[in-house]
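Good morning, colleagues. Thank you for making time for this presentation; please look at the sequence and the structure as they appear.

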Amino acid sequence: MNETTNNMETLREGSVKDNRNETDAILEDKTLVEGPSALYTLIVEEPAQSDDSSSYSMTLSEFEEDRWYNPTSLPDDAAEIESIQRLIKYIRVGNQTATAIALAALVDYNLRDESTQSIVIATGGTELLINLLETDHNECRHGALAVLNEMSYMLGTRRNLTNLGAIPILVKLLSDRSIDLQILSAETLANIAKIKKGRKFIRKAGGIKLMVKYMDVPHQVLRTESEMLPVIQQKLFSLLCNCSKALWSMSKSDKNKDVMRQSGIIPVMAKLLTSVHEDVVSYIMGIIVNCATQPVFRTAIKEQGMLIDILKLLKSPDIEMMNNAATITFNCAEDPESRKMIKEQGGLNSLVNIVKVESHKCETKLMAAATGAIWKCLMNPDNVKRLEDINGIHVLVKLLDSDSEDVIANTVASLAECTKIGRNKIALRAADGLVPIIKLLQDTGHERILVNVCRVIDNCASDPLCMEQVVSNDGIRLVWSMMKFDSTLVQSTAGHTLVTLLKNTKESSDIMRSLVTGLVMLVDLLKSHDTRVLAAACAVIGILAKEPENLAILTDYDIVQRLSSLVHTVIYYLKSTIFHLQSNSDLQAHLSRAIGSCCLLERNCHTFGRLDVVLPISKYIHSNSELVRQNVTFALHGLSGDATNCVAMESCGVVPFLMETIASRDPDVQEASAGCLANIRKIALNARRLKL
């Protein structure tokens, strides 16, 4: 024992007695590298691009850490360099006892320091340590793994270990008889799993299945504080923690998620969520955050009862835990059953309480996750009612001045769900929320914000006092300007909102005249390949064309030719079944309205007929959509102003259809149907008179 102690002291001091064995002579060899200039640079190759789902671009933290990594970055202390070099040489040429001593001495150095690691890497120490992992000597394996574990906390070494083939060896050590080796191996793999190539290699080496197995510990380990556990169970707990950390990183890959699920991780996670150990719960929550992006995991989270435990963590004092719980809630609130469960478990109240806390407003991720979860929950009308009960609309309005666009987007989306109910329109106005929402149309270019602002304004337009605020704050012009936005979703939503606004304002004529300068843009939108944009543009044209001045301008810009071309295009796509059924039905309905409005100018009615619009538009009467069947009556009525068109319509069999629609509950549809029938009958009577 004394001899071993003396050896340790000798190695650390860098001097060896003359009467030592042959190793001493080697340590005194003049071939020792004397300084930094003689060290060679070990090039760590960048992992090749892979189609594996584990391949991700370098994260910001990896990029920042990679900036320092340079194997030639050495300390200024030449004695320290020489001492570490001596230890590496001693490991290389010594016997088992001497190697174990040298490894023990090497562990005492700060191996997480970049310069210290650079010496070990540059002298070939990494390859040597990996080779020692495959020996039969337990102390040497433990010592080598302890060194590699410390070194693996730096990005450069993680890459080095991956490229040198250490991962299969480390995975093999997970099955070793020594639980101490298992713990160190799992911790090292947890570090390596932070790089994309490492995640792939761990999966291919079978590491995931082993880690899931070691996570399934006895209930006693989960229910007893770690310091109260027996020694063997404390080691099981350490192994559990290291495996959980590794799988947290591994779960960034879809392929890894599939393997984890097939290995039985779902019931294991449900079990671990009830642990008294906060660290374990934190790791499991990290895994669930990554896995909850997949529907199969979301279903399992709900069915295994994990969602109930997760909702409880929304009240956690730990910000990270609270953030993870909110993120999982956001992902799980995709389906109606989960939304109902969230309400029943008081999850909506907890989410609202999170966003109410002033100190949380600087926690951008937490606020984005919480507001996102609130938005998803409000897709359930019962949750909207619950939000009303806790005065949640006032809370949401206060979030509109957030510095985060994601928070604002989620907040406005939440208000869009709330304002579907009449009393919440009044509540929004009472909370002074409508005006700042309108101003967002000119203050941001965020697509989701703009879409949901339009939705809120559309919902509120039916309330006269809200409509006054929209008009007085230039809301109609701002919505109109959104139809020039690059996003087709923004364009279509703005178009339908504009129609609602024009229908609900008493000053529609004056407002429409002020929008004349934008009519060219409106006609150009009819060139779009998006059915939603086409439908929205037609809807707006159907309103604007009722004003003679607007109709004259639209006619000068060839609106008749554009609409005629669109009729034939829609028929073509109907035959090829390319268009989505609902989108196509909306387009047919609004196109019919637009044609009917444009026929208010007599010459347009004749031009439509000359462009062969009557036959294809008459086919709309066979649509399965009640909306299309109602709106086509307006097109038929407008076209019936021309005698030739009436003859063509009668031959297409529209009269029986009009006899049905004349009994519609909608007075406008009744009037259009009756007017068309009257025009057709007039032409028929005139034809009889001519024959007589």
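In which helix is the place of Glu278? Glu278 belongs to helix α18, which covers residues 278–291. I should say at once that the model before you is a predicted one. Glu278 counts as exposed, because its relative accessibility is 62% and the cut-off is over 50%. On the surface, Glu278 takes part in a patch of negative charge together with Glu225, Glu227, Asp279, Asp318 and Glu320.

Let me now turn to the chain as a whole. The protein chain has 45 helices and zero strands. Of its 692 residues, 55% are buried. Among contacts with a separation of 6 or more, 74% are between residues 24 or more positions apart. The chain exposes about 31400 Å², and carbon and sulfur atoms supply 50% of that area.

I would next like to consider some buried positions. Ile88 is in helix α4, residues 78–93, and is buried, with a relative accessible area of 1%. Setting aside residues up to four places away in sequence, Ile88 touches Leu106, Val120, Thr123, Gly125 and Leu128. Ile88 and Leu129 are 41 residues apart in sequence, yet their C-alpha atoms are 9.3 Å apart in space.

One of the residues touched by Ile88 is Val120, and Val120 is also one of the buried residues of helix α6. How many of the nine residues of α6 are buried? The count is eight, so helix α6, residues 114–122, is mostly covered, a residue being called buried under 20% relative accessible area. The buried residues are Ser115, Thr116, Gln117, Ser118, Ile119, Val120, Ile121 and Ala122. Their cover includes α4, α7 (125–132), α8 (138–151) and α9 (155–163). Just after α6, Gly124 takes a positive phi of about 75°.

Further along the chain, Val412 sits in helix α27, residues 405–418. Val412 is buried, at a relative accessible area of 0%. Not counting residues up to four places away in sequence, Val412 touches Leu400, Leu440, Ile449, Asn452, Val453 and Val456. For Val412 and Ile449, the C-alpha to C-alpha distance is 6.7 Å, with their positions 37 residues apart in sequence.

Ser673 is another buried residue, at 0% relative accessibility, and lies in helix α45, residues 667–691. Leaving aside neighbours within four places in sequence, Ser673 is in contact with Thr633, Leu658, Thr661 and Ile662.

Two loop residues deserve a word for their backbone. Asn391 is not a glycine, but has a positive phi of about 55°. The place of Asn391 is the loop between α25 (381–389) and α26 (392–397), and Asn391 is partly exposed at 42% relative accessibility. Asp432, likewise not a glycine, has a positive phi of about 55°. Asp432 lies in the loop between α28 (422–430) and α29 (434–443) and counts as exposed, at 60% relative accessibility.

I come finally to charged pairs. Side chains of opposite charge can pair when their charged atoms come close. The structure holds 21 salt bridges. One of them joins Asp216 and Lys271, whose closest N and O atoms are 2.9 Å apart. Why can this pair be said to tie together parts that are 55 residues apart in sequence? The reason is that Asp216 lies in the loop between α13 (207–215) and α14 (219–223), whereas Lys271 lies in helix α17, residues 265–272. Asp216 is partly exposed, with a relative accessible area of 45%, while Lys271 is buried at 18%.

A salt bridge within one helix joins Asp258 and Arg261, at 3.6 Å from N to O. These two residues are three apart in helix α16, residues 254–262, and are therefore separated by about one helical turn. An α-helix has 3.6 residues a turn, so residues three or four places apart point the same way. Asp258 is partly exposed at 27% relative accessibility, and Arg261 is partly exposed at 28%.

Arg477 and Asp474 form a further salt bridge, with the closest N and O atoms 2.5 Å apart. Arg477 is partly exposed, at 41% relative accessibility, and Asp474 is partly exposed, at 33%. Lastly, Lys302, Asp335 and Glu337 are linked in a network of salt bridges.

Thank you for your attention.

Notes. Residues are numbered from 1 along each chain as its sequence is written. This is a predicted model: local features need pLDDT of at least 70, side-chain atom pairs count only at pLDDT 80 or more; totals for chains, interfaces and linings use all residues. Side-chain values use heavy atoms; hydrogens and water are left out. Helices (H or I, at least four residues) and strands (E, at least two) are DSSP runs, numbered from the N terminus. Buried means under 20% relative accessible area, exposed over 50%, partly exposed in between (1.4 Å probe, protein chains only). Contact means heavy atoms within 4.5 Å. Patches are made of residues with over 30% relative accessible area and no salt bridge: like charges are joined within 9 Å, nonpolar side chains (Val, Leu, Ile, Met, Phe, Trp, Tyr) within 5 Å. Accessible areas come from the Shrake-Rupley method with a 1.4 Å probe; for residues, only the protein chains shown count as cover. A salt bridge is a side-chain nitrogen of Lys or Arg within 4 Å of a carboxyl oxygen of Asp or Glu. Lys and Arg count as positive and Asp and Glu as negative; His and the chain ends are not counted. The place of a charge is taken as NZ of Lys, CZ of Arg, CG of Asp or CD of Glu.
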